[in-house]
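Thanks for making the time this morning; I would like to walk through one model with you, going from its strands to its helices and then to the whole chain. Please have the viewer open while I talk.

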Amino acid sequence: MKKTIVIILALTGLAFAGLRLAAFLADNRATDPADMVERYADADGKAFYRINAGINNSYLIPCRGGWLLVDTGYPDDYGRFKKALSVTGISPGSIKWLFITHAHDEHAGFAAALRRDSGCRLIVPEQSLRDLRAGQMVWNGRAVNWRIDIISRLYGLVKRRDMRFPPVQPNRDDVILVKDDRRPLERIGIRGTLVYTPGHSPDSWSLVTDDGRAFCGDAAMNFLNILGAAYRPIFITDKRQAYGSLRRLLSLGAGEFYTGHGPAFGKERIEEVLTRFGGDALNHTGTGR
Ligand SMILES: [Zn+2]
């Protein structure tokens, strides 16, 4: 009897996960470019944007002379990204900077193509350089729970994800991040700090503006919460670092989280995460070295 119940529950869980996956894939086939764009306003009323051309979010933040883009999508999201970009009225050429939060394929996927088309300069973590140059995401993290482990394996099969992307070759005009730094942003007219936020991966960085917006890549997510992700990264290489990074973002005044996956959310969610899971968060030093 007990065994039957367990089997029924497991099958129900799998069917549910399958449906979620189907829904998710359908979402990402959206063809109306306007549906991929969300417009926000900063504390001064200036517009900034989220573009969701696939599974990943990119953000456009106004900077001196144009725009800073935070992250790309997979290589094959680029066509949809350009269509969505045209909805905002921003031309590829006015993207002056690209900040890659970490060297994962769905964050750096079309960086090389965008760079070719726009001539943008890069802001990239030093720890990401090897994988960016190789065009290969090296992955040794773990799913945050077994349900997400199953669904991500299914996704990997459906997507035929090989973790590769056209290599990105930073040069001396680009900014390589080695420790928390305001200066690269100051130079381009953005008030904020670039901070080291490892835990999802060893090379994860975030941009926190002085008005409390955290563009944090995969340091937090609003994704698969229905499977228990609870606003945490769905994959983690180091739990204590991951929660330590969230603490750090809060301590820097992050009030709104603009993450790589899913819509923006407020800091209360992160406070809940830390209360529930993050008791042994690691206080790291804010340097990638
Ligand atoms: Zn990632």
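Before I name any pairs, let me fix a term: two strands pair if DSSP finds at least two bridges between them, and the strands themselves (E, at least two residues), like the helices (H or I, at least four residues), are DSSP runs numbered from the N terminus. This is a predicted model, so local features are taken up at pLDDT of at least 70 and side-chain atom pairs at pLDDT 80 or more, while totals for chains, interfaces and linings use all residues. Residue numbers start from 1 along each chain, as its sequence is written.

Let me begin with strand β3, residues 57–63, which has a hairpin partner on either side in sequence. With strand β2, residues 47–52, β3 pairs in the antiparallel sense over 4 bridges, and the hairpin that they form has 4 residues between the strands. Within that pairing, Arg50 has Tyr59 of β3 as its bridge partner. Strand β4, residues 66–70, also runs antiparallel to β3, joined to it by 5 bridges, and here Ile61 has Leu68 as its bridge partner in β4. The β3 and β4 hairpin has 2 residues between its strands, and Gly65 in the turn has a positive phi of about 80°.

Is β3 enclosed or open to its surroundings? Taking buried to mean that 20 or more other C-beta atoms, placed from the backbone, lie within 10 Å of a residue's own (exposed is 12 or fewer, and partly exposed lies in between), we find that 5 of the 7 residues of β3 are buried, so the strand is largely enclosed by the rest of the structure.

Next, helix α2, residues 78–88, whose buried residues are Tyr78, Arg80, Phe81, Ala84 and Leu85. They cover an arc of only 150° around the axis, counted over the directions from the helix axis to the C-beta atoms, which puts them on the same side of α2. Among the elements that cover these buried residues are β2 and β3, together with β1 (37–41) and α4 (111–118). Just after α2, Gly89 takes a positive phi of about 85°.

Elsewhere in the chain, 5 strands form an open sheet with mixed pairing, in the order β9-β10-β11-β13-β14. Its edge strands, each pairing on one side only, are β9 (192–196) and β14 (265–266). Between β9 and β10 (residues 205–209) the sense is antiparallel, over 5 bridges, with Thr193 opposite Val208 in β10.

Turning to the interior, the largest nonpolar core (buried Ala, Val, Leu, Ile, Met, Phe, Trp, Tyr and Cys residues joined through C-beta atoms within 7 Å) has 68 residues, and those with the most contacts inside it are Leu68, Leu98 and Ala229. Setting aside residues up to four places away in sequence, Leu98 touches Leu69, Ala111, Leu114, Arg115, Cys120 and Leu122, where a contact means C-beta atoms, placed from the backbone, within 7 Å.

Finally, the whole chain, which comes to 9 helices and 14 strands. The radius of gyration, taken over C-alpha atoms, is 19 Å, close to the 19 Å that the globule rule (2.2 Å times the number of residues to the power 0.38) gives for 289 residues, so the chain is as compact as a globular protein of that length. Buried residues make up 42% of those 289 residues.

Methods
Contact = placed C-beta atoms within 7 Å.
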